[in-house]
Amino acid sequence: MAAEPPPALAFPRPTAKYWPVGEGAWQIRLPLPWQLVSVNVFLFRRGGDYLLLDTGLRSEESLESLESALTCLNVGWDSIAEVLVSHLHPDHFGAAAEIRRRSGAPVRMPMVEAELVRPLGPGREFFAEAAEFLGTHGVPPSEVATMRARAAAGATGHERLDVDGGLAVGEQIDFDGGTLTAVAAPGHSPAQLCFVWPEARVLFSTDAILPKITPNIGVQWFYQGDPLGDYFGTLDRLWALDVDRVVPSHGRPFRGHREWIDGTRGHHRKRCDSIEAELGDEPIHAYEIAGRIWGEDRTLLDRRFAMSESLSHLHYMAGHGRVARVESNGITRWARA
Ligand SMILES: [Zn+2]
């Protein structure tokens, strides 16, 4: 009898998907095993060499897809002269170590984020600080334990590394089609960068502007402070840019960055109002607030995103005197101000 067919792949099959963005610039789409099905990385020609912006996940499927796109473009690993990384999330940074091994190219990224992806010293565990943070905000211990076990099993899609240098706000990166300028875009991560290409009136918006969805703006154990306030500043900065096309890291290029920004500002203001409306005199923790706003029936990862996103709105409103933060017995709760 014929053998059972193998179970469906979690990933789409590796395929070479790439498009020119303009003179000397290409978008390459790489697969993700998530609800967000793909990430775009970018290739820029500089003389006889190439720059790669972002890397995709550390996975065979993603690396094979990248390699097949590079092959179609007649670019060998040894033609990659430099790898630039917009921010620390695994779909942007995950394969950096492997690409450096294959190409010999140095990897640069914002220094604040480079510190967060360095290899851990002996006895340090990736999830230890995260677990404490989640507990503080009311995530049940059983869920924290599950997330911790997944992290320990290496299911995070990235490989830590010491990068070769920083990538600064305002830095100008020359390539055959002109000059990219790095623009500060914190909010989705502590020091994310976008890149503006004035010659083509293109904004490489990384994860700061995404079509159809709003980027996750969340407080994390490594990003306290006021991510939503940071993000409002980012939106003001990007609104002011004179660009025609937005080329995002997920999804297709689109026009109309100012309309998108106006709509997204409104979305977060409404979200603040609905979170404030859930609060009373009796303090509740962010995990419970997230459950009320986003619903309980979600995956662990979604619930964690929802909690971080609730916190970013709570931190922002606390800074404006709209909500009160109440600390007791190591738990942080929130009440009406
Ligand atoms: Zn991201």
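**Note on the predicted model: sheets, helices and aromatic pairs**

1. Strand β5 is mostly covered, since 4 of its 5 residues are buried. The model discussed here is a predicted one, and the points below follow the sheets, then the helices, then the aromatic rings.

2. Strand β5 (residues 80–84) has partners on two sides that can be followed residue by residue. With β4 it pairs in the parallel sense over 4 bridges, and there the bridge partner of Leu-51 is Glu-82 in β5. With strand β6 (residues 107–109) the pairing of β5 is again in the parallel sense, over 2 bridges, and here Leu-84 has Arg-108 of β6 as its bridge partner.

3. These strands belong to an open sheet of 7 strands, ordered β1-β2-β3-β4-β5-β6-β7, in which the pairing is mixed. Its edge strands are β1 (18–22) and β7 (165–166), each of which pairs on one side only. Helix α1 (residues 60–72) lies across β1, β2 (25–31), β3 (38–46), β4 (49–53) and β5, and it runs at about 150 degrees to β2.

4. Another open sheet, of 6 strands, has the order β8-β9-β10-β11-β12-β13 and likewise shows mixed pairing. Its edges are β8 (172–175) and β13 (254–255), and each of these has a single partner strand, so one side of each is left without a neighbour in the sheet. Within this sheet, strand β11 (residues 202–206) and strand β12 (residues 245–248) pair in the parallel sense over 4 bridges, with Val-246 of β12 as the bridge partner of Leu-203. Helix α7 (residues 227–239) lies across β9 (178–184), β10 (193–197) and β11, running at about 150 degrees to β9.

5. Helix α7 also meets helix α10, and the axes of the two come within 7 Å and cross at roughly 85 degrees. With that crossing angle, α7 is roughly perpendicular to α10. The residues that make the contact are Pro-227, Leu-228, Gly-229 and Phe-232 of α7, together with Ser-312, His-313 and Tyr-316 of α10. By class, the contact of α7 with α10 holds 4 nonpolar and 3 polar residues, and no charged ones.

6. The contact of helix α8 (residues 257–278) with helix α10 (residues 300–319) may be read beside the preceding one: their axes come within 10 Å and cross at roughly 85 degrees. This angle makes α8 roughly perpendicular to α10. On the α8 side, His-268, Arg-271, Cys-272, Ile-275 and Glu-276 take part, and they meet Glu-309, Ser-310, His-313, Leu-314, Tyr-316 and Met-317 of α10. The residues of the contact of α8 with α10 divide into 5 nonpolar, 3 polar and 3 charged.

7. Helix α9 (residues 286–294) has as its buried residues Ala-286, Tyr-287, Ile-289, Ala-290 and Gly-291. Among the elements that cover these buried residues of α9 are α6 (141–152), α8, α10 and β15 (331–336). Just after α9, Gly-295 takes a positive phi of about 90 degrees.

8. How many aromatic pairs does the model contain? When ring centres within 6.5 Å are taken as a pair, the count comes to 9 aromatic pairs. In one of these, the rings of Phe-44 and Phe-204 have their centres 5.4 Å apart and their planes at 85 degrees, so the pair is edge-to-face. This pair links distant parts of the chain, with Phe-44 in strand β3 and Phe-204 in strand β11, 160 residues apart. Phe-44 counts as buried at 2% relative accessibility, and Phe-204 is buried as well, with a relative accessible area of 0%.

9. A further edge-to-face aromatic pair is formed by Phe-232 and Tyr-316, at 5.2 Å centre to centre and with 65 degrees between the planes. Phe-232 lies in helix α7 and Tyr-316 in helix α10, so the pair ties together parts that are 84 residues apart in sequence. Both Phe-232 and Tyr-316 are buried, and both are also listed in the contact between α7 and α10.

10. Finally, ring pairs link Phe-42, Phe-44, Phe-175, Trp-197 and Phe-204 into a cluster. Of its members, Phe-44 in strand β3 and Phe-204 in strand β11 have already been placed above.

Note on methods
Residues numbered from 1 in each chain as written. Predicted model: local features only at pLDDT ≥ 70, side-chain atom pairs only at ≥ 80, totals over all residues. Heavy atoms only, no water. Axes fitted to C-alpha atoms, helices over the stretch in contact; angles between N-to-C directions. Parallel < 35°, antiparallel > 145°, perpendicular 65-115°, else oblique. Contact = heavy atoms within 4.5 Å. Nonpolar A, V, L, I, M, F, W, Y, C, P; charged D, E, K, R; others polar. Buried < 20%, exposed > 50% of the residue type's maximum accessible area, 1.4 Å probe, protein only. Pairing = 2+ DSSP bridges. Phe/Tyr/Trp six-rings, centres within 6.5 Å; stacked < 30°, edge-to-face > 60°.
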